[in-house]
Amino acid sequence: MNVTINQQDNLVKVTLSGRADTTNADRFQTDITPLLNLEKPDIEIDCSEMEYTSSQGLRVFLMLQKSVNAHGGKMVLRNMKPQVKEVFDITGFSNIINIL
Amino acid sequence: MEQYGLDLHGQMILEAYRSDMAVFEKMRQFIDSQLHGIVEDNGLYVTAIESRVKSEQSLAGKLQLKGSKYASLSDITDILGARVVAFYSDEVDKIAALIETRFDVDWDNSVDKRKLLELDRFGYRSLHYVCHIPPSLFADESMPQLNEYRFEIQMRTALQHVWATMYHDTGYKSGMEIPKTYLRSLNRMAGLLEIADEEFSKLRIKINDYRRQVHALVADGNFDAVNLDGDSFNNYLALNPFKYLIEKIASINQAEIYQDTLRPYLPVMQGMGFKTLGDVERMRFECSEYAYQLALHQLATTDIDIVALSLSLQNLCIVHIYKQGGGIDGLLHFYNMLFGDNGYNATRAHRTLEQLDKINIV
């Protein structure tokens, strides 16, 4: 799982690639930690190169979403592959996280 | 001081004001914090709490006009003034009652302007209390005047405040006499706002009664008698109606349940034609087993061990639509309402329909 973060003040563009699974969820979490304390962040995550997410990956997305909500910001996940979207759908996480 | 043209008596009062400015400022900060505390501790919702120490120029103006009326600075009760602006007239009374318990009220100098107006007069309506800070509440040995000087607290509604501000701006202190016809218009506005104040208070009482009624009906299980709306849905959710279903779904993979909000489903269910909580309850009874079967079909072959509470309601709605013969169009409409109109919803709807077809819903 590779995470690229391009930040200009509160505007943050994140690119994810690979698999967010049990073996690398910790690193995924570490990589997005700098985003957890931003005030009113505007985060756009490009998931076009993301192949899969496990429960651990969902938990990282959830942690980020909760932080964004708490700091009065917004977050959107874009270009997600259908097989990844399905994981969000069958867990109810599509109700929590804004996926376009 | 000579700049104000005051006589010796006026100059003495103004000098006392200057030397005690720190006292007044300390009083102001304390009173301001007390008023905020009164409002917050009692769950009251106000539009503003303001306080100010009278400016030197304003005091000098007052002394020029009627300085001989005051023997000393402590006779002037509005050097320090505070104001609480509430939304509702009954809340003004509540705030007043709370202020009475906090400060010593000088009743001889306090005025309820709401009661002073003649039956056929409309105009300034506000409650003014002149108070002391009791030593039991706050004292400072270096500033005994803190408990000697009086201060004024105005309490009014937002609409009374609007009228008073407009009147102040256009009439009372504009420095120019305005024609009686305009004054009459201002006073007519006071009557109009008084009616609006009363209507807002009555409306709030009616809404609170409605909420209590809905709460009682939901608690008694009279779901068909309760319209599906924001209040009733919140009361319904407080009963945890989807707890059993989501726990059953979570048991498929021994999953953790994330307690997300179900509020986004209110407009969706309304869009599905649900009118009462009874409609939601019927869906829950008739579709829970199939909603579980759908989740079993989706999750059993995965190692996913976290689900959102909303998955329960999501699957209930999906099964309900299928049972009602909604087909692909019904599912697409549902996803469009839930996630917004986007190109992926058609894929979602087709995939969901394939899964539903496999679980033998009757």
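In the predicted model, B:Glu50 makes contact with B:Ala82 and B:Arg83 once its neighbours within four places in sequence are set aside. The residue belongs to strand 1 of chain B, which spans residues 46-53. B:Glu50 counts as partly exposed because 13 C-beta neighbours lie inside 10 Å, a number that falls between the limit of 12 or fewer for exposed residues and that of 20 or more for buried ones. A further relation links B:Glu50 to B:Gln154, from which it is separated by 104 residues in sequence but by 9.6 Å in space, taken from C-alpha to C-alpha.

Chain B as a whole contains 14 helices and eight strands, and 29% of its 362 residues count as buried. Of the contacts in chain B that join residues at least 6 apart in sequence, 74% connect residues at least 24 apart.

Chain A comprises 100 residues, of which 41% count as buried, and its three helices and four strands follow one another along the sequence in the pattern β-β-α-β-α-β-α. When contacts in chain A between residues at least 6 apart in sequence are considered, 74% of them bring together residues at least 24 apart.

Within chain A, strand 2 (residues 11-20) and strand 3 (residues 42-53) are paired in the parallel sense over nine bridges, and A:Lys13 stands opposite A:Glu44 of strand 3. The connection between these two strands passes through helix 1 (residues 25-32) of chain A, forming a β-α-β crossover that is right-handed. Strand 3 of chain A also runs parallel to strand 4 (residues 74-78), to which five bridges join it, and here A:Ile45 has A:Leu77 in strand 4 as its bridge partner. In this case the chain crosses from strand 3 to strand 4 by way of helix 2 (residues 55-70) of chain A, and this β-α-β crossover is likewise right-handed. In general, side chains in a regular strand alternate between the two faces of the sheet.

The two chains meet in a contact to which chain B contributes 18 residues and chain A contributes 16 residues. On the side of chain B that touches chain A, at least two residues each are supplied by helix 11 (277-299), strand 8 (306-308), helix 12 (310-323) and helix 14 (345-357) of chain B. By residue class, this side of chain B divides into 10 nonpolar, five polar and three charged residues.

Conventions: Residues numbered from 1 in each chain as written. Chains lettered and ligands numbered in written order. Predicted model: local features only at pLDDT ≥ 70, side-chain atom pairs only at ≥ 80, totals over all residues. Contact = placed C-beta atoms within 7 Å. Nonpolar A, V, L, I, M, F, W, Y, C, P; charged D, E, K, R; others polar. Pairing = 2+ DSSP bridges. Right-handed = clockwise from strand over helix to strand, strands pointing away.
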